Amino acid sequence: INAEYMGCLFFFGMSTASSKPKGPPPYIRFVQACLGGVTGWLFVHPMDVLKVRMQLQGEAGEKISTFQTAVNLVRKEGPTALYNGLSAAVMRQVVYTTARLSLYEIFRDAVGDGKDVGFLARAFSGVASGGVAALISCPVEVSLVRMQADGRLPASERRGYKHIFDALGRIAKEEGVVTYWRGCTPTVTRAMVVGLTQVGCYDQFKTLYLSTGHFVDGIPLHMTASLTAGLVYSFASMPIDTTKTRMQSQRPGPDGQLPYKTMVSSMAKIAKTEGVTSLWKGFGAYFGRSGGHTVAMFVCLEQYKILFKKIYG
C-alpha cells in the first residue's frame, strides 16, 4: 500500500510540476512589442506630424521654427491636425515596431545561443530586424507620410485620405501597388540604422549602465538607457528620414517625372539646393518624436514584460 501511495504521490507530483507555467509563451514577445510600440506612440504623434511638415518646408522655401510650425498648424487646421494620420501611425506600430522588436530578440538569442552577447551581435540583430520590419511595413509608411503632409497642400491638390485603409486602397487603385514601396530604399536603410542605434544601443547601454553599479534593473535605468539611445538614433537617422519623407510625399512634375528618384541622388539634391544642415531640419521635433518614443516605448515594454511574467509565472 505504501508503495502504491508513494507511486501515486510521485505521479501526481510530476504531473503538477510539469503543468506549472514556465514563463510567457513565445508569441507573447510579439504582444509585448506591439503594446509597447502603440502605447509609446500615443504620446509623441504630434511631434511626428510637426517633423514631417518641417521636412517638407524646404520645397516651399520656408524656414520656420518648430514652435511656429505648431502654431501655424493649429491656427489653420485646428488642434486635431496634430493627430493627422493617427490610424496609419498606430498601424505602423502594430506592423513595424512589433516586427523589429520581436525579431531583434529572436536574432539576438539565436546569435548568442542563449548566452550574453556583445555589441557586434546586438548590432547585427538590430540591423537585420529593422530591415525586415521596414520592408514589410513600407505600404503603411507611405500612407502615413501622405496623411500627415496632406494639410499643407492647396485644397485642390489634397488627397483627402479618410483613414489608413482608405489610403492603402486608393494608392493601389490610383497609382498601382508598386507605389506602396516608393521610397523603399531610404525606408529600409533608415530602419537598419534605427535598429542599430535605437534597439541595439538601448540593449548595450542598459548593460553598460548596470555594470557601473549605480543602477538596478528598474525604470530609472530604462529611462536613462533609452534616452541615450534615442539621442544617438535621432542624430544618425534624420538625414535618411528627411530623404524618405520627400520621396514618399512627392508628386510627378509638369514633365511627368518625379523630382526625387534614388536615396543617394535625393539626399545630394536636398543638400545642394537647401544646404547640408537642411537634412537635420526640424531636429527638435524629430528628437521629440524619436527620442520621446524611444523612452516611452522601452519603459512601457519593460513594464509589459514584468506584467506578463507575473501572469505566466
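Which side chains meet in a salt bridge at 2.5 Å, N to O? In this predicted model, the two partners are the side chains of Arg92 and Glu141. The pair links distant parts of the chain, since Arg92 sits in helix H4 and Glu141 in helix H5 (residues 119–149), with their positions 49 residues apart in the numbering. The account below begins with the overall architecture and then returns to this pair and its surroundings.

## Overall architecture

The protein chain has 10 helices and zero strands, and its elements, read from the N terminus on, run α-α-α-α-α-α-α-α-α-α. Taken along the principal axes, the C-alpha atoms of the protein chain fill a box of roughly 95 × 45 × 35 Å. The protein chain is made of 313 residues, of which 47% count as buried.

## Salt bridges

A search of the whole structure finds 19 salt bridges, and three of them are set out here, each with its N to O distance and the helices that it links.

| Salt bridge | Distance (N to O) | Helices linked | Separation |
|---|---|---|---|
| Arg92 and Glu141 | 2.5 Å | H4 and H5 | 49 residues |
| Glu105 and Lys305 | 2.9 Å | H4 and H10 | 200 residues |
| Glu141 and Lys244 | 3.0 Å | H5 and H8 | 103 residues |

Glu141 meets Arg92 in one of these contacts and Lys244 in another, and the second of these pairs joins helix H5 to helix H8 (residues 219–249). What is the relative accessible area of Arg92? Arg92 has a value of 4% and is buried, while Glu141 is buried as well, with a relative accessible area of 5%. Lys244 also counts as buried, at 2% relative accessibility.

These residues belong to a wider arrangement, in which Asp48, Lys51, Arg92, Glu141, Arg190, Asp241, Lys244 and Arg289 are linked in a network of salt bridges. In the remaining pair of the table, the side chain of Glu105 meets that of Lys305, and Glu105 counts as buried at 13% relative accessibility.

## Cavities and the largest pocket

How many cavities of 30 Å³ or more does a search of the whole structure find? The search finds three, and about 70 Å³ of space lies in the largest cavity. The residues that line the largest cavity include Trp41, Tyr96, Val194, Tyr233 and His293, together with Arg92, Arg190 and Arg289. Arg92, Arg190 and Arg289 are also members of the salt-bridge network described above. Helix H4 (86–112), helix H7 (184–211) and helix H10 (283–312) each supply at least two residues of this lining, and the largest share, five residues, comes from H4.

The largest pocket has a volume of about 600 Å³. It is lined by 27 residues, and those closest to its centre are Gln32, Glu105, Arg108, Lys305 and Lys309. The elements that give two or more residues to the lining of this pocket are H2, H4, H7 and H10. Glu105 and Lys305, both named among the residues closest to the pocket centre, are the two partners of the salt bridge of 2.9 Å between helices H4 and H10.

## A nonpolar patch on the surface

Which residues make the nonpolar surface patch of about 400 Å²? The patch is made by Tyr27, Phe30, Val31, Leu35 and Ile106. Helix H2 (residues 28–55) gives the most to the nonpolar patch, with three residues, whereas Tyr27 has its place in the loop between helix H1 (2–19) and H2.

## Cysteines without disulfides

The count of disulfides comes to zero, a result that can be followed through two of the cysteines. A pair of cysteine sulfur atoms has to lie within 2.5 Å to count as a disulfide. The cysteine sulfur closest to that of Cys138 belongs to Cys184 and is 4.4 Å away, so the two are too far apart for a bond. Cys138 counts as buried, at 0% relative accessibility.

For Cys300, the closest cysteine sulfur is that of Cys34, and because the distance is 12 Å, this pair is also too far apart for a bond. Cys300 is buried, with a relative accessible area of 16%.

Terms used:
Residues are numbered from 1 along each chain as its sequence is written. This is a predicted model: local features need pLDDT of at least 70, side-chain atom pairs count only at pLDDT 80 or more; totals for chains, interfaces and linings use all residues. Side-chain values use heavy atoms; hydrogens and water are left out. Buried means under 20% relative accessible area, exposed over 50%, partly exposed in between (1.4 Å probe, protein chains only). Patches are made of residues with over 30% relative accessible area and no salt bridge: like charges are joined within 9 Å, nonpolar side chains (Val, Leu, Ile, Met, Phe, Trp, Tyr) within 5 Å. Accessible areas come from the Shrake-Rupley method with a 1.4 Å probe; for residues, only the protein chains shown count as cover. A salt bridge is a side-chain nitrogen of Lys or Arg within 4 Å of a carboxyl oxygen of Asp or Glu. Helices (H or I, at least four residues) and strands (E, at least two) are DSSP runs, numbered from the N terminus. On a 1 Å grid over the protein atoms alone, a cavity is a set of points where a 1.4 Å probe fits but cannot get out, and a pocket is an open set with protein on both sides within 12 Å along at least five of seven lines; lining residues have an atom within 4 Å of a point. Grid points are joined across faces, edges and corners, and a volume is the space filled by probe spheres set on the points.
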